[in-house]
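Me: I would like a close look at a single part of this model. Please keep the sentences short and tie the details together.

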Amino acid sequence: MMASPLLPPGALAFVDRWRELFDACDWSGLRAHEHPDFPEAGPPGQNDSFIRGLGTSGFRVTSATLKPFVQPQWSIFRTQRLHPQPTYWCDLVLKNAQGHETEAFIALAPWESTESAFRASYYVELPPKKKVAPLDLGKERQRVAKFLAKAVKDFARVQDARPLQRLELQYSTDNGTLNVSFDLDPAAEPGRGDAMTHFGFAELLVPRWADVKEHRPSLVGLDGAKLAAREDGAWGTPEHAQLEEHLGKMLVATLLEMRDSGQFEALRASATAELGVEEYEGHFGWPNYEERGRENRIASSP
């Protein structure tokens, strides 16, 4: 068998024994070897008629190449997955007495019941995808503006004599949350997190953002254009931005619109106070550090 010397002995031993049982057409023994924790009937939904049919038709293994598992880009993986999750993959080349060749594979996963042992993975159906409606960024902007207006009003009631130095929105698509924080510290700057004087002052739960990231429906941009999900993980053409960037730009537009309409005047901000937006995992941040003060002042330009 062709294999790297770094491959685990248990995986090599599994493949060697598998070849012996297959070439002997010992289907009962092969079933027990592949799925040692299942009864004779095998795991539910297991369909191994193809490879058993090869053996019955006189095909024998001529080569087996073992390597770390990387999931192929096959259409079957749109509706099914291999279980247990494989860690190794064995490419098989089989030949019959007439010289005809064909290929097959075995996916191997560690067998937790026995140290260093392996077993075969098999296909199981993926659960149906949750139907998630398109995310309208215009409507999200309205929700955010309503949330932020209340947070600003509430903070203005408790703000002490110190002028505000920073208002920052922090969001997470993984957790589906949006937080607004305020900082009265003269040393305020981006990235201070819980060192801000009023970190996480208010929170808006937005579970739809997490659903959209997972299930990937289309987006509706602030201009009303439909932005389709792409295979590369982005949305839209020609912008091709990740969800975090689309949401981040929506939050920036919301902050600037509210500032320009005078909705932050109750905050008693310093002349150099800034607005900011941060995605918790670092996928989006506004403004760029070197561009601070150009368009993100809380006090709008006259």
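Which strands form the open sheet of five strands, and in what order do they lie? Take me through that sheet pair by pair, then place it in the rest of the chain.

Reply: A note before the strands: this is a predicted model.

The order across the open sheet is β11-β10-β9-β14-β15. Its pairing is mixed. The edge strands are β11, residues 198-205, and β15, residues 285-286. Each of these two pairs on one side only.

Start at the β11 edge. Strand β10 covers residues 177-183 and is joined to β11 by five bridges. The two strands run antiparallel. One residue pair helps to locate this join: T177 stands opposite L205 of β11.

Now go to β9 and β14. Strand β9 spans residues 164-172, and strand β14 spans residues 269-279. Seven bridges hold this pair in register, and the two strands run parallel. Within the pair, L167 has L275 of β14 as its bridge partner.

The other edge comes next. β14 and β15 are joined by two bridges and run antiparallel. Here V277 has W286 in β15 as its bridge partner. The two strands form a hairpin, with five residues between them. In that turn, G282 has a positive phi of about 85°.

As background, strands of a sheet pair through backbone hydrogen bonds, either parallel or antiparallel. The five-stranded sheet has both kinds of pairing, as its mixed label says.

Next, the smaller elements elsewhere. A second open sheet has three strands, in the order β8-β12-β13. Its pairing is mixed too. β8 (135-136) and β13 (226-227) each have a single partner strand, so one side of each is left without a neighbour in the sheet. β12 is joined to β13 by two bridges, and these strands run antiparallel. V220 stands opposite K226 in β13.

S218 is a useful marker for this region. It lies in the loop between α5 (207-215) and β12 (219-220). S218 is buried, at a relative accessible area of 12%, because the cut-off for buried is under 20%. Beyond its neighbours within four places in sequence, S218 is in contact with P134, L135, K226, L227, A228 and W235. Of the residues just named, K226 is also the one opposite V220.

Helix α6 offers a second buried point. The helix runs over residues 243-260 and includes T254. T254 is buried, with a relative accessible area of 0%. Leaving out residues up to four places away in sequence, T254 touches R141, V144 and A145.

Earlier in the sequence there is another set of paired strands. Strand β2 (residues 60-68) and strand β4 (residues 88-95) are joined by eight bridges and run antiparallel. S63 has V93 of β4 as its bridge partner. β4 also pairs with strand β5, residues 101-110, again through eight bridges and antiparallel. Two partnerships fix this second join. W89 is matched with A107 in β5, and L94 with T102 in β5.

β4 and β5 form a hairpin with five residues between them. G99 in its turn has a positive phi of about 85°. The hairpin of β14 and β15 likewise has five residues between its strands, with G282 at a positive phi of about 85°. Beyond β4, strand β5 is joined to strand β6 (residues 118-120) by three bridges, antiparallel. P110 has F118 in β6 as its bridge partner.

Finally, the whole chain. It has six helices and 15 strands. Its radius of gyration is 29 Å, well over the 19 Å that the globule rule gives for 302 residues, so the chain is more spread out than a compact globule. The C-alpha atoms fill a box of roughly 90 × 40 × 35 Å along the principal axes. Buried residues make up 43% of the 302 residues. Take the contacts between residues at least 6 apart in sequence: 61% of them join residues at least 24 apart. The accessible surface is about 16300 Å², and carbon and sulfur atoms account for 51% of that. The chain carries 34 positive and 43 negative charges, whose mean positions are 5 Å apart.

How values were computed. Residues numbered from 1 in each chain as written. Predicted model: local features only at pLDDT ≥ 70, side-chain atom pairs only at ≥ 80, totals over all residues. Heavy atoms only, no water. Helix = DSSP H or I, 4+ residues; strand = E, 2+ residues; numbered from the N terminus. Rg over C-alpha atoms; globule rule 2.2 N^0.38 Å. Buried < 20%, exposed > 50% of the residue type's maximum accessible area, 1.4 Å probe, protein only. Contact = heavy atoms within 4.5 Å. Areas by Shrake-Rupley, 256 points an atom, 1.4 Å probe, with all protein chains shown as cover. Lys, Arg positive; Asp, Glu negative; His and termini not counted. Charge placed at Lys NZ, Arg CZ, Asp CG, Glu CD. Pairing = 2+ DSSP bridges.
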